[in-house]
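Me: I am new to this structure and would like a close look at a single part of it, namely one of its small sheets. Please take me through how the strands are arranged, and then place that part among its surroundings.

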Amino acid sequence: KGAKVLVIGGGYGGATAAKYVRKFSNYTADVTLIEPNQNFISCPLSNLVIGGSQKLEDITISYEGLRKNHGVNLVRDSVASIDVAKKQVRLAGGASLFYDRLIVSPGIDLTYDKLPGMLVPNAQNEVLHAWKAGEQTVGLRKQLESMKDGGVFAISIPLAPYRCPPGPYERACQVAEYFQKSKPKSKVLILDANDDVTSKPGLFKLAWSRRYEGKVEYRPKHQLTDVDVKGKTLKFEFNDDVKADVLNVLPPMRAGAIAVKTGLANMNGRWCEVDFLTFESKVAPNVHVLGDSIQIAPGMPKSGHMANQHGKTCAAAVVAILSGADVNQLPVYNNTCYSFVSSQDVVHVASVHQYDAAKKTMVTVPGSGGVSAAANPLEGEYAKAWARNIWADMLV
Ligand code: FAD
């Protein structure tokens, strides 16, 4: 049997890495993917479920392709702890598994410790984040459906960096379109801790002022300090309280809990520092970290598109290391984040990032990328094709 590679988390980073370690090793490495969910559910396009134009089934894909087509062993469980010295992980179900190389891609952990009102029993079942696609995505849609016409939906955005910079603004557009069609007296209120819209500001602001005129209000510099869940009220550092009918709180984020617990999140206990040529952790040998959990280089978004490419770079490095070869690669990534400003019309932001051998980090290629001239339906087709392609690349 070949070298043992364990992958924690079957999301954009982990599923890609699992498949590509098998492929790049000519199907000799023994790869096991540990993931608690039965199926993959995509965060990209999940705002369309909240807007009502897609169903959860449309963004759900089986993990079986990885097993059947690529021989990845699937273990449906969570990793409870990692013993870096013994090269061993312990599963919540009790079993222990050994590895030669461990790939950790657990996504994000949502932190409520600075929002006392969210720590009272049941608060987190009432005020949803819907920032991990699945039950909460459907839950938030239901809250919007049962809201009276004339109500207010308020979304609170944390300081960057957080998962998917344009995602909250896309969500605001999706809810605005739903209100325009079905609850015309209702309003969307965006309460952003940042100084301005963090992605595609001109295009989003145009959508709010023209397409959804009078329906969307954007308020920057709103740092959330607490949530009165029963009173449906958001409290801020310097601004007046805001009461709304449906609250959607995106709390500050950090690396997935297992990465934090293992000490991999060496950057202020929040993000995991890695070598961008291999994605090996700077603090734990034989352990690689990918996706949203890593400390990103300036300009690099926390996106599924990026995590997918981390997965391939990491897979190539792991296969080289396991066969005793040099890691001989200079990664170049492109990133495109599409945002649905309605159920049809889409805008994008694109960028290119290249490894700089002198600086030993990723840098944005000067003059690369850009944004759409205007929202348009052709990019809506591109956005859906982007999703189908990346899901096939990860999982089929
Ligand atoms: P994930 O994809 O979240 O995968 C992590 C996996 O690890 C999960 O399946 C989880 O169950 C598993 N896991 C966690 N802990 C453990 C454990 N202890 N044991 C075992 N398994 C574990 N990105 C884009 O590129 N384009 C977009 O259009 C886009 N739109 C978005 C819209 C929204 C609303 C949101 C919320 C995000 C969006 N993103 C988009 C961002 C994208 O979803 C993330 O950047 C991407 O999912 C990161 O991949 P990951 O592998 O780090 O984490």
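Reply: The small sheet is open and has 3 strands, in the order S14-S15-S16, with antiparallel pairing. Because strand S14 (224-228) and strand S16 (242-243) stand at the edges with a single partner strand each, one side of each has no neighbour in the sheet. The model is a predicted one: local features need pLDDT of at least 70, side-chain atom pairs count only at pLDDT 80 or more, and totals for chains, interfaces and linings use all residues. Residue numbers start from 1 along each chain, as its sequence is written.

Some terms need fixing. Strands (E, at least two residues) and helices (H or I, at least four residues) are DSSP runs, numbered from the N terminus. Two strands count as paired if DSSP finds at least two bridges between them.

Take the pairing of S14 with strand S15 (residues 233-236) to begin with. These strands run antiparallel and are joined over 4 bridges. Leu224 stands opposite Phe236 in S15, and Asp226 has Lys235 in S15 as its bridge partner. S14 and S15 form a hairpin with 4 residues between them, and in its turn Lys232 has a positive phi of about 50°. For comparison, most residues other than glycine have a negative phi, and most peptide bonds are trans.

On to S15 and S16. Their pairing is also antiparallel, over 2 bridges. Here Leu234 has Val242 in S16 as its bridge partner. S15 and S16 form a hairpin too, with 5 residues between them. As a general point, side chains in a regular strand alternate between the two faces of the sheet.

Another open sheet has 4 strands in the order S13-S12-S11-S17, with parallel pairing. Its edge strands are strand S13 (216-219) and strand S17 (246-249), each of which pairs on one side only. From one strand to the next the twist averages 15°; the angle is taken between N-to-C directions on a scale from 0 to 180 degrees, using axes that are lines fitted to C-alpha atoms, for helices over the stretch in contact. Within this sheet, S11 and strand S12 (residues 187-192) pair in the parallel sense over 6 bridges. Val152 has Lys187 in S12 as its bridge partner.

Two loops hold unusual backbone settings. Between strand S11 (152-157) and helix H6 (167-182) runs a loop that contains Pro161. A cis peptide bond joins Ala160 and Pro161, with omega about 5°. Phe279 lies in the loop between helix H8 (257-261) and strand S19 (287-289), and the phi of Phe279 is positive, near 65°.

Elsewhere, two helices pack together. The axes of H1 and H9 come within 7 Å and cross at roughly 35°. The crossing of H1 and H9 is right-handed, which means that the near helix is turned clockwise from the far one, whereas a left-handed crossing has it turned anticlockwise by less than a right angle. Two residues are in contact if their C-beta atoms, placed from the backbone, lie within 7 Å. In H1 the contact includes Tyr12, Thr16 and Tyr20, while in H9 it includes Ala307, His310 and Val318. The residues of this contact divide into 11 nonpolar, 6 polar and 1 charged. In this count Ala, Val, Leu, Ile, Met, Phe, Trp, Tyr, Cys and Pro are nonpolar, Asp, Glu, Lys and Arg are charged, and the others, Gly among them, are polar.

Lastly, the ligand. A residue is near it if its C-beta atom, placed from the backbone, lies within 6 Å. There are 36 residues around the ligand, of which Gly9, Gly11, Cys43, Gly107 and Gly291 come nearest. Helix H1 (12-24), helix H2 (46-51), helix H9 (304-322) and strand S20 (332-340) each give two or more residues to this shell. The shell divides into 14 nonpolar, 18 polar and 4 charged residues.
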